[in-house]
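Student: Could you take me through one part of this structure up close? I'd like to look at the rings and whatever sits around them.

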Amino acid sequence: MFRPCIDLHEGKVKQIVGGTLGTGSSQLKTNYVSDRPAAWFAELYKRDGLKGGHVIMLGPGNDAAARSALQSYPGGLQIGGGITSNNARAWLEAGASHVIVTSWVFRDARIDWERLRQLSTDLGKERLVLDLSCRRRGTGYFVVTDRWQKFTEVLISPENLEKLSVCCAEFMVYASDL
């Protein structure tokens with residue numbers, strides 16, 4: 001399935017080389033920075049019938065751009081980046097079809113099952129996407145958090161996907177390596 005994506009950094013639509021995001025602004029690498037706003041892309045996806053695209057807020061300063069995209073295509077886009085139990089419902093009410101969560105459900109390099117189950121119960125698993133973005137370590141791929149900088153102990157494996165699937169509608173997985 002093809003899912004378009006609107007990555008937001010400092011309020012602008014950018015394509016960032018994933019592993020460079022948390023390394024500091026002088027080492028941040030971008031493949032592309034658009035002069036068009038997020039809403040323009042959302043309208044394009046709506047026109048072309050591309051439902052389920054991702055709006056990803058990479059750091060602070062992206063709320064207004066994200067809200068404008070969601071308002072341009074209500075119910076057609078998922079939202080991720082900084083999603084917690086405190087703001088998830090508000091993003092759904094702002095027009096997101098789903099919320100995408102990662103770092104908030106991983107603590108001390110492990111899945112915080114209590115947080116994940118509570119969020120799934122509060123929102124309904126059908127509105128929750130679990131971000132399992134990963135990087136290679138040894139022979140496997142492990143979930144990473146905090147801008148692809150912190151490895152967890154969670155291996156991407158059929159067994160782990162099966163366990164996690166009871167709490168969410170789908171998974172989002174990006175493999176990001178330097």
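Tutor: Let's start with Trp-40, which counts as partly exposed at 33% relative accessibility. That label fits because partly exposed covers the range between 20% and 50%. Keep in mind that you're looking at a predicted model. Now shift to Phe-41: this residue is buried, with a relative accessible area of 13%. Here the label follows because buried means under 20%.

These two residues go together, too. The structure holds one aromatic pair, and Trp-40 and Phe-41 are the residues that form it. Their rings meet edge-to-face, with 4.9 Å from centre to centre and 85° between the planes. Trp-40 also has a charge to deal with: the charged end of Arg-36 sits over its ring, 4.2 Å from the centre. You'll find a similar arrangement at Phe-142, where the charged end of Arg-137 sits over the ring, 4.3 Å from its centre.

Now for the helices. Helix 1 spans residues 38-47, and it is part of what covers the buried residues of helix 2. The cover also includes strand 1 (5-9), strand 4 (53-57), strand 5 (77-80) and helix 3 (88-93). So which residues of helix 2 are buried? In helix 2 (residues 63-72), they are Ala-65, Ala-66, Ala-69, Leu-70 and Ser-72. They sit on the same side of helix 2, because they cover an arc of only 160° around the axis. An α-helix has 3.6 residues a turn, so residues three or four places apart point the same way. Turn to the face of helix 2 that looks away from its buried side, and you'll meet the exposed residues Ala-64 and Gln-71.

Conventions. Residues are numbered from 1 along each chain as its sequence is written. This is a predicted model: local features need pLDDT of at least 70, side-chain atom pairs count only at pLDDT 80 or more; totals for chains, interfaces and linings use all residues. Side-chain values use heavy atoms; hydrogens and water are left out. Buried means under 20% relative accessible area, exposed over 50%, partly exposed in between (1.4 Å probe, protein chains only). Helices (H or I, at least four residues) and strands (E, at least two) are DSSP runs, numbered from the N terminus. The arc is that of the directions from the helix axis to the C-beta atoms. Contact means heavy atoms within 4.5 Å. Rings of Phe, Tyr and Trp (its six-membered ring) pair if their centres lie within 6.5 Å; planes under 30 degrees apart count as stacked, over 60 as edge-to-face and the rest as tilted. A charge sits over a ring if NZ of Lys or CZ of Arg is within 6 Å of the ring centre and within 35 degrees of the ring normal.
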